Amino acid sequence: MNAGLQIDAQGRLVHLLSTEGLPAEMIRHILDTAAQFVSVNEREVKKVPLLRGKSIFNVFFENSTRTRTTFEIAAKRLSADVINLAIGSSSTAKGETLLDTVWNLQAMDADMFVVRHAEAGAPHLIARHVKPGVHVVNAGDGRHAHPTQGLLDMYTIRHYKKDFSGLAVAIVGDVMHSRVARSQIHALKALGVPEVRVVGPKTLLPREVERLGVRVCHDVAEGLRDCDVVITLRLQNERMSGPLLPSAGEFNKTYGLTPEKLALAKPDAIVMHPGPINRGVEIDSGVADGAHSVIMPQVTFGIAVRMAVMAILAGHA
Amino acid sequence: MRIDIRNARVVDPASGRDETTDLFLADGRIAAVGAAPDGFRPDRSLEAKGLVACPGLVDLSARLREPGFEYRATLESEMRAAVAGGVTSLACPPDTDPPLDEPGLVEMLKRKAGALRQARVYPLGALTLGLKGAKIAEMCELAEAGCVGFFQADAPLTDLNVLLQAMRYAATFGHAVWLRPQDPHLAHGGVAHEGEVATRLGLPPVPEVAETVALHAILELAASTGARVHLARLSTARGVALVAAAKARGVAVTCDVGVHHLHLCDRDAADFDANANLVPPLRDPSDRDALRRGLADGTIDAVCSDHTPIDEDAKQVPFGEAEPGATGLELLLPLVLKWGAELRLPLAATLSAVTSRPAAILGIDGGRLEAGAPADLCLFDPTRPWIVTPEALASQGNNTPFLGLELAGRAATTIVDGRVVYPA
């Protein structure tokens, strides 16, 4: 659905808005490029001059220190100039529209916008209105998409499992409100993962999610049994009690990833989480810090994947 | 003023007449169809070969944006849009600012609209004071000022006791109660139909049950009170089935559908097109198909434009922040013709959905072409294509999901009260 906007007639990536519609070839190209940057990040001088002289604006309409920082590090390692703007949700109260903000920044000769916004589709609106040659990277829009997170998760899975073609992947928890889950699902399907399960109570799985090509499991044992990858999703504090869930404790008991539940998965299963984690809610400390956890490598790979996306958008990879 | 219209294909949905003949108008009425009355001397003669002549369209919902939203559109611009769309009578919902909850506001609107001498305007009064859902409005005073029914518009009415009493009170005097069936809690925060598209796009959903639960409550209260209830803007297949069952039980209820919902579904919002952000939301293709059939088989009584002109600034925002609604007065006729053609309906049956049937809901003398009827007419070429562009629209609102598409059928001449009001 977003393919027309993010990929041009020559098949080049012009914006990264969603993993939906990204061809497997493009995803592999991003992951292969990221692999080269992983080695850069292991060097003493962690910098390449690919984006020297380019201005990258981190425009965050919704606060997020973590994601903004990873994009900032990625851009700096590519030698770009980085400008951080935490616009927050009050910008509209000041009377300036989203597009006015973007046009103003564009007039300051931005080459790339990294955008986070609380509303689904905000980066698409921006991508439709920027000048040719200006690129937009979606750093999270509402519940819709967080494509660089989805891609870094694919990188992590490939790193540990090598091949996607025989995998069973379980995504556990609040899929309903998760842009990360949606980005993972599209990427996993594109890469040919035969079994993607979403696991959670009916209040946290969106309607007709099976039409995205996933298997719906309300039974946590069915969801985790013999899977190769377990992805736990963050449960936002405000959703821990209310109409969707009775309590964080009950959620931990029913769907939280405990060592006992993890034992249902394959012996070599890996455990992932987009962070920040709620220990004792969606994941127990013993699992988060345990032998199956690849949560810290996810963060490391995230820098390389974001470097790859920016370099490819700028036409240098 | 005496006008004769020669060689038109005269289509009268009320009687089913569809033949090429002549029409004679005098003193604001249709003097004769077919043969000229004795001694008829026209002041003006219109040659209408190749054109359809039908009753002027009756639109059950057109927001004229006055008072309060003049930056979106003005009475002048939207009244021009009405006659440019062949609409000669329209009901306007009370969700103005302030809402139409006192007689003075209604009288002012009627006077201002009347002075423009274009389409006839039938205001719907607010069902509750300020549309706040707490106190019932002065229905009798408002009816005297010209209100033809009482509507809660899109404002929530959470207290069912208020609704029960409003219906009892309205039933006492025979006033019509209009309601858009939507449970405010079940729809809270939602902007898109709960289903695959909302799930893909991560848009907060409006579940089907938001409509059906509200419908159950309204239909029970209608049956209990005997109030004359009109259900505005059905959007689900389940809702159509509930209304059909209620009608079969003898509940005094009528209903309408917005014209966009006959052609579009949630897939049309799949690229975050804010122009496809409508109220109620565009739903599943199966819902759209049920609405199309329901209008054809009479379960749904009429189709309306649900005209909502919105300024560009309120649409050039992310989907969920966009003001919902679409401009519709000038799209009503071509979109109804498209629906009728796709269902292979006779032209008279197609046009009844925007003429005789909505006129019956409003209880107005119109929507028919016979001697003695008001001389409100629309002449149009059903085959003439046009492209929907901002320039092609008289409305100040350019917000339509049909922008750039080709449609067939536009009013060539619109006559209200025996006067040619379009083209001006």
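How many residue pairs are in polar contact across the interface of chain B and chain A? I put this to the model, which is a predicted one, and found eight such pairs across the interface, both residues of each being at pLDDT 80 or more.

**Entry 1: chain B against chain A**

I next looked up the charged pairs between chain B and chain A, and the count came to three salt bridges. I noted one between the side chains of B:Glu196 and A:Arg211, with 3.4 Å from N to O. On the side of chain B that touches chain A, I saw that helix α5 (residues 196-201) of chain B gives the most, with four residues. Sorting that side of chain B by class, I wrote down nine nonpolar, five polar and seven charged residues.

For the extent of the contact, I recorded 21 residues from chain B and 23 residues from chain A. The two chains bury about 2,000 Å² between them, and 56% of this lies on carbon and sulfur atoms. I then asked which three residues supply the most of the area that chain B buries against chain A; they are B:Thr199, B:Arg200 and B:Phe272, which together supply 32%.

**Entry 2: the two domains of chain A**

I turned to chain A, which is divided into domain 1 (3-145 + 299-313) and domain 2 (147-295), and I found 25 Å between the centres of these domains, taken over C-alpha atoms. In chain A, 34 residues of domain 1 are in contact with 25 residues of domain 2. The area buried between the two domains is about 2,400 Å², with carbon and sulfur atoms giving 65% of it. A:Thr19, A:Arg143 and A:Phe301 supply 29% of the area that domain 1 buries against domain 2, more than any other three residues.

Between these domains I counted two salt bridges and seven residue pairs in polar contact, both residues at pLDDT 80 or more. The elements that give two or more residues to the domain 1 side include α3 (65-77) and α12 (295-313) of chain A, while α2(A) gives the most, with nine residues. I also noted a salt bridge in chain A between the side chains of A:Arg179 and A:Glu62, at 3.1 Å from N to O.

**Entry 3: B:Cys255**

Is B:Cys255 buried or exposed? I list B:Cys255 as buried, because its relative accessible area is 0%. B:Cys255 sits in strand β15 (residues 253-258) of chain B, and among the residues that B:Cys255 touches I noted B:His230, B:Val243, B:Asp301 and B:Ile361. B:Cys255 and B:His230 are 25 residues apart in sequence, yet 5.3 Å apart in space, C-alpha to C-alpha.

Definitions and conventions. Residues are numbered from 1 along each chain as its sequence is written. Chains are lettered from A and ligands numbered from 1 in the order in which they are written. This is a predicted model: local features need pLDDT of at least 70, side-chain atom pairs count only at pLDDT 80 or more; totals for chains, interfaces and linings use all residues. Side-chain values use heavy atoms; hydrogens and water are left out. Domain bounds come from an automatic or database domain assignment. Contact means heavy atoms within 4.5 Å. Buried area is the accessible area (1.4 Å probe) that two parts lose on being put together, summed over both. A salt bridge is a side-chain nitrogen of Lys or Arg within 4 Å of a carboxyl oxygen of Asp or Glu. A polar contact is a pair of N or O atoms within 3.5 Å; within protein, one must be able to donate a hydrogen and the other to accept it, and residues adjacent in sequence count only if both atoms are side-chain atoms. Buried means under 20% relative accessible area, exposed over 50%, partly exposed in between (1.4 Å probe, protein chains only). Ala, Val, Leu, Ile, Met, Phe, Trp, Tyr, Cys and Pro count as nonpolar, Asp, Glu, Lys and Arg as charged, and the others, Gly among them, as polar. Lists of a residue's contacts leave out its neighbours within four places in sequence.
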